[in-house]
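Ready for a few exercises at the structure viewer? Keep the sequence beside you, try each task, and then compare your path with the worked solution.

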Amino acid sequence: QVQLVEFGGGLVQAGGSLGLSCAGSGTPFSLNVMGWYRQTPGKQRELVATISSRGATNYADSVKGRFTISRGGAKNTVFLQMNSLTSEDTAVYYCYAQNQWTHWGQGTQVTVSA
C-alpha cells in the first residue's frame, strides 16, 4: 500500500518562500504522477501542480511563475518550491500520487501572513 508523507509547511510572511517535500513508500515501482493539491475550509481541493515520471509538469494558473515542482533523485519523492507567497496561498497542502489508484498524504498546513 502506497503511503505519502509530507515535510515542510508552516508560517511565512507574504512575499516569502517555502518548500514542501513528499516521500512515497510501499511500492517498488515509480509512481506515474506525483504532485500537490491544496484545500481551504469550505472549498474543494484544488490542483497546485503535478509532475509525471518523465518530468512533464502541470501547474494551476494561480501559481505559474511562482511555484516549481520537481521530482527528487530518490524514487517517489516530489518537491514544491513556493516563492512570492500571498495570503491566497494559505491552505492545507496535500501530496498526491497516482499509479493504478490515487493516493493522498495527510496534509501539511501552509499559512502566509499579510
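Two strands count as paired if DSSP finds at least two bridges between them. Keep that in mind as you go, and remember that this is a predicted model.

**Exercise 1. Find the partners of strand 9, and say which residues stand opposite one another.**

Step 1. Begin with strand 10, residues 102-104: strand 9 pairs with strand 10 in the antiparallel sense, over three bridges. Look at Tyr96 and you will find Trp104 as its bridge partner in strand 10.

Step 2. Follow the chain between these two strands. Three residues connect strand 9 to strand 10 in a hairpin.

Step 3. Move to strand 4, which is antiparallel to strand 9 and shares seven bridges with it. Here Arg38 is the residue that stands opposite Tyr93 of strand 9.

Step 4. Finish with strand 11. Strands 9 and 11 run antiparallel and are joined by three bridges, and Tyr93 has Thr108 of strand 11 as its bridge partner.

**Exercise 2. Decide whether strand 9 is largely enclosed or not, and describe the surroundings of Tyr93.**

Step 1. Count the buried residues, using under 20% relative accessible area as the cut-off. Strand 9 has eight residues and six of them are buried, so the rest of the structure largely encloses this strand.

Step 2. List what Tyr93 touches beyond four places in sequence: Glu6, Leu20, Trp36, Tyr37, Arg38, Val48, Phe67, Leu80, Met82, Gly107, Thr108 and Val110.

Step 3. Now place Tyr93 in a wider setting. In soluble globular proteins, nonpolar side chains tend to be buried together. The largest nonpolar core here has 27 residues, and Tyr93 is among those with the most contacts inside it, along with Trp36, Leu80 and Met82.

Step 4. Ask which elements build that core. Those giving two or more residues are strand 3 (18-25), strand 4 (33-39), strand 5 (46-52), strand 7 (67-71), strand 8 (77-82), strand 9 (91-98) and strand 11 (108-113). Strand 9 supplies the largest share, four residues.

**Exercise 3. Locate the disulfide and work out its handedness.**

Step 1. Search for cysteine pairs: the structure holds one disulfide. Cys22 and Cys95 form it, with their sulfur atoms 2.0 Å apart.

Step 2. See what the bond links. Cys22 lies in strand 3 and Cys95 in strand 9, 73 residues apart, so to speak of distant parts of the chain is fair.

Step 3. Check the surroundings of the pair: both Cys22 and Cys95 are buried.

Step 4. Read the torsion about the S-S bond of Cys22 and Cys95. The value is about -90°, so the disulfide is left-handed.

**Exercise 4. Trace the open sheet that contains strand 3, and find its edges.**

Step 1. Write down the strand order. This open sheet of four strands runs 1-3-8-7, with antiparallel pairing.

Step 2. Pick out the edge strands. They are strand 1 (3-8) and strand 7, each of which pairs on one side only. From one strand to the next, the twist averages 15°.

Step 3. Inspect the pairing of strands 3 and 8, which are antiparallel over six bridges. Ala23 stands opposite Thr77 of strand 8.

Step 4. Do likewise for strands 7 and 8: five bridges join them, again in the antiparallel sense. Ile69 has Leu80 of strand 8 as its bridge partner. The two strands form a hairpin with five residues between them, and Asn76 in the turn has a positive phi of about 60°.

**Exercise 5. Are Ser21 and Arg66 buried or exposed?**

Step 1. Take Ser21, found in strand 3. Its relative accessible area is 18%, and Ser21 is buried. Beyond four places in sequence, Ser21 contacts Val5, Glu6, Phe7, Trp36, Val78 and Phe79.

Step 2. Turn to Arg66, in the loop between strand 6 (57-59) and strand 7. Arg66 is also buried, with a relative accessible area of 18%.

Step 3. See what the side chain of Arg66 reaches: the backbone oxygen of Ser62, at 2.9 Å. Contacts of Arg66 beyond four places in sequence are Gln81, Met82, Asn83, Ser84, Leu85, Thr86 and Asp89.

Definitions and conventions. Residues are numbered from 1 along each chain as its sequence is written. This is a predicted model: local features need pLDDT of at least 70, side-chain atom pairs count only at pLDDT 80 or more; totals for chains, interfaces and linings use all residues. Side-chain values use heavy atoms; hydrogens and water are left out. A nonpolar core is a set of buried Ala, Val, Leu, Ile, Met, Phe, Trp, Tyr and Cys residues joined through side-chain atoms within 4.5 Å. Buried means under 20% relative accessible area, exposed over 50%, partly exposed in between (1.4 Å probe, protein chains only). Contact means heavy atoms within 4.5 Å. A disulfide is a pair of cysteine sulfur atoms within 2.5 Å. A polar contact is a pair of N or O atoms within 3.5 Å; within protein, one must be able to donate a hydrogen and the other to accept it, and residues adjacent in sequence count only if both atoms are side-chain atoms. Axes are lines fitted to C-alpha atoms, for helices over the stretch in contact, and angles run from 0 to 180 degrees between N-to-C directions.
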